[in-house]
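Let's take a look at a protein together, one topic at a time. Have the sequence and the 3D view open while you read.

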Amino acid sequence: MKNIENNIKILKKKIQYSLENNNSLLKKIKIIAASKNQSVEKIQIVLSSGIYEFGENYIQESIHKIKKLKKNNKIIWHFIGKLQSKKTKLVAQYFDWCQTIDREKIAILLNKYRTNKKIPMNVLIQINISQEENKNGIYIKNYKKLANIVSKMPNLNFRGIMAMPKKEKEIIKYCDYENIRNIFNILKNEYKSVDTLSLGTSFDVKTALMYNSNMIRIGKDIFNS
Ligand SMILES: *Cc1c(COP(=O)(O)O)cnc(C)c1O
């Protein structure tokens with residue numbers, strides 16, 4: 001358990017170093033602890049280290065944790081897993097953010113199930129940055145149409161985009177990062193509500209920050225011993 005605290009210190013150092021200690025940039029970076037397969041006890045250690053936002057992938061597992069940690073009203077839950085239509089109701093009820101909208105149907109269902117009593121759900125469109133068929137996310141050529149639809153949903157707050165670039169044979173593909181930054185800038189200019197670029201996991205924090213990411217999703221570098 002000590003490891004987690006130490007890992008978080010190292011992660012924060014890495015972020016500081018990547019942004020050359022630029023305080024105004026540092027303040028804008030949100031760390032999301034990717035807590036799939038991690039216990040409630042471990043999540044509590046992360047909380048006590050000052051990280052309050054968690055990303056979960058599997059709906060049943062996450063609802064169990066959300067219920068257990070309900071008393072802590074500082075926690076913000078992000079759904080970052082692949083989203084099937086039949087799971088949208090639970091995501092809309094239990095989560096504060098959904099980062100993986102990749103088609104119109106999902107947006108319509110989340111909007112429908114997010115009852116008006118609740119504040120709108122913060123949502124990101126997931127972009128299939130490597131343009132591969134078996135990858136999650138929407139193709140680059142189609143994102144504008146989906147953005148337009150999402151932005152009009154009253155129970156959704158369109159905050160930006162999420163992507164997962166991959167390394168090919170240990171080589172970081174900088175052109176993917178460039179593309180994603182361009183899409184983010186286009187959407188930021190078009191929609192007032194857009195302010196979030198969720199990009200970067202344990203392997204590419206530094207690169208993601210270099211390309212203006214302001215939300216990183218970290219699993220291994222926080223939880224691994
Ligand atoms: C697991 C996961 C992460 C975290 O990846 P690590 O390599 O463990 O840092 C980030 N984003 C998504 C969508 C994930 O499923």
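Two strands pair if DSSP finds at least two bridges between them. Keep that in mind for a start: Val-123 has Phe-158 in strand S6 as its bridge partner. One caution before going on is that this is a predicted model.

**Strand S5 and its neighbours**

- Let's begin with strand S5, which spans residues 121-127. On one side, S5 is joined to strand S4 (residues 97-101) by three bridges, and the two run parallel.
- Within that pairing, Ile-101 has Ile-125 of S5 as its bridge partner.
- S5 also pairs with strand S6 (residues 156-163), again in the parallel sense, and here there are seven bridges.
- Ile-125 turns up here too, standing opposite Ile-161 in S6.
- How do you get from S5 to S6? Together with helix H7 (residues 143-151), the two strands make a β-α-β unit, and this unit is right-handed.
- S6 pairs in the parallel sense with strand S9 as well, over four bridges. Look for Ala-163, which stands opposite Leu-199 in S9.

**What is covered up**

- In a regular strand, side chains alternate between the two faces of the sheet.
- Are the two faces of S5 covered or open? Both are covered: Met-121, Val-123, Ile-125 and Ile-127 are buried on one side, and Asn-122, Leu-124 and Gln-126 are buried on the other.
- That fits the tally for S5, where seven of seven residues are buried.
- S6 has seven of its eight residues buried, so the rest of the structure largely encloses it.
- Over in strand S4 you'll find Thr-100. Its relative accessibility is 3%, and buried means under 20%, so Thr-100 counts as buried.
- Thr-100 also has a partner in space from elsewhere in the chain: Ile-80 is 20 residues apart from it in sequence, yet the two are 5.8 Å apart, C-alpha to C-alpha.

**Aromatic rings that pair up**

- A pair of aromatic rings is described by how far apart the centres are and by the angle of the planes.
- How many aromatic pairs are there? The count comes to five.
- One of them is Phe-54 with Trp-77, a tilted pair with 5.7 Å centre to centre and 40° between the planes.
- This pair links distant parts of the chain, since Phe-54 is in strand S2 (residues 53-56) and Trp-77 is in strand S3 (residues 76-79), 23 residues apart. Both Phe-54 and Trp-77 are buried.
- Phe-158 and Tyr-191 form an edge-to-face pair, with 5.4 Å centre to centre and 75° between the planes.
- Phe-158 belongs to S6, while Tyr-191 sits in the loop between helix H8 (174-190) and strand S9 (196-199), so their pair ties together parts that are 33 residues apart in sequence.
- Phe-158 is buried, at 2% relative accessible area, and Tyr-191 counts as buried at 11%.
- Look out for a cluster, too: ring pairs link Tyr-174, Tyr-177 and Tyr-211.

**The largest pocket**

- The largest pocket has a volume of about 530 Å³.
- It is lined by 27 residues, and the closest to its centre are Lys-36, Asn-57, Met-164, Thr-201 and Arg-217.
- Which elements give two or more residues to this lining? They are strand S5, which you've already met, and helix H10 (220-223).
- By class, the lining of the largest pocket has 14 polar, eight nonpolar and five charged residues.

Technical notes:
Residues are numbered from 1 along each chain as its sequence is written. This is a predicted model: local features need pLDDT of at least 70, side-chain atom pairs count only at pLDDT 80 or more; totals for chains, interfaces and linings use all residues. Side-chain values use heavy atoms; hydrogens and water are left out. On a 1 Å grid over the protein atoms alone, a cavity is a set of points where a 1.4 Å probe fits but cannot get out, and a pocket is an open set with protein on both sides within 12 Å along at least five of seven lines; lining residues have an atom within 4 Å of a point. Grid points are joined across faces, edges and corners, and a volume is the space filled by probe spheres set on the points. Ala, Val, Leu, Ile, Met, Phe, Trp, Tyr, Cys and Pro count as nonpolar, Asp, Glu, Lys and Arg as charged, and the others, Gly among them, as polar. Buried means under 20% relative accessible area, exposed over 50%, partly exposed in between (1.4 Å probe, protein chains only). A crossover is right-handed if, with the strands pointing away from the viewer, the path from the first strand over the helix to the second runs clockwise. Rings of Phe, Tyr and Trp (its six-membered ring) pair if their centres lie within 6.5 Å; planes under 30 degrees apart count as stacked, over 60 as edge-to-face and the rest as tilted.
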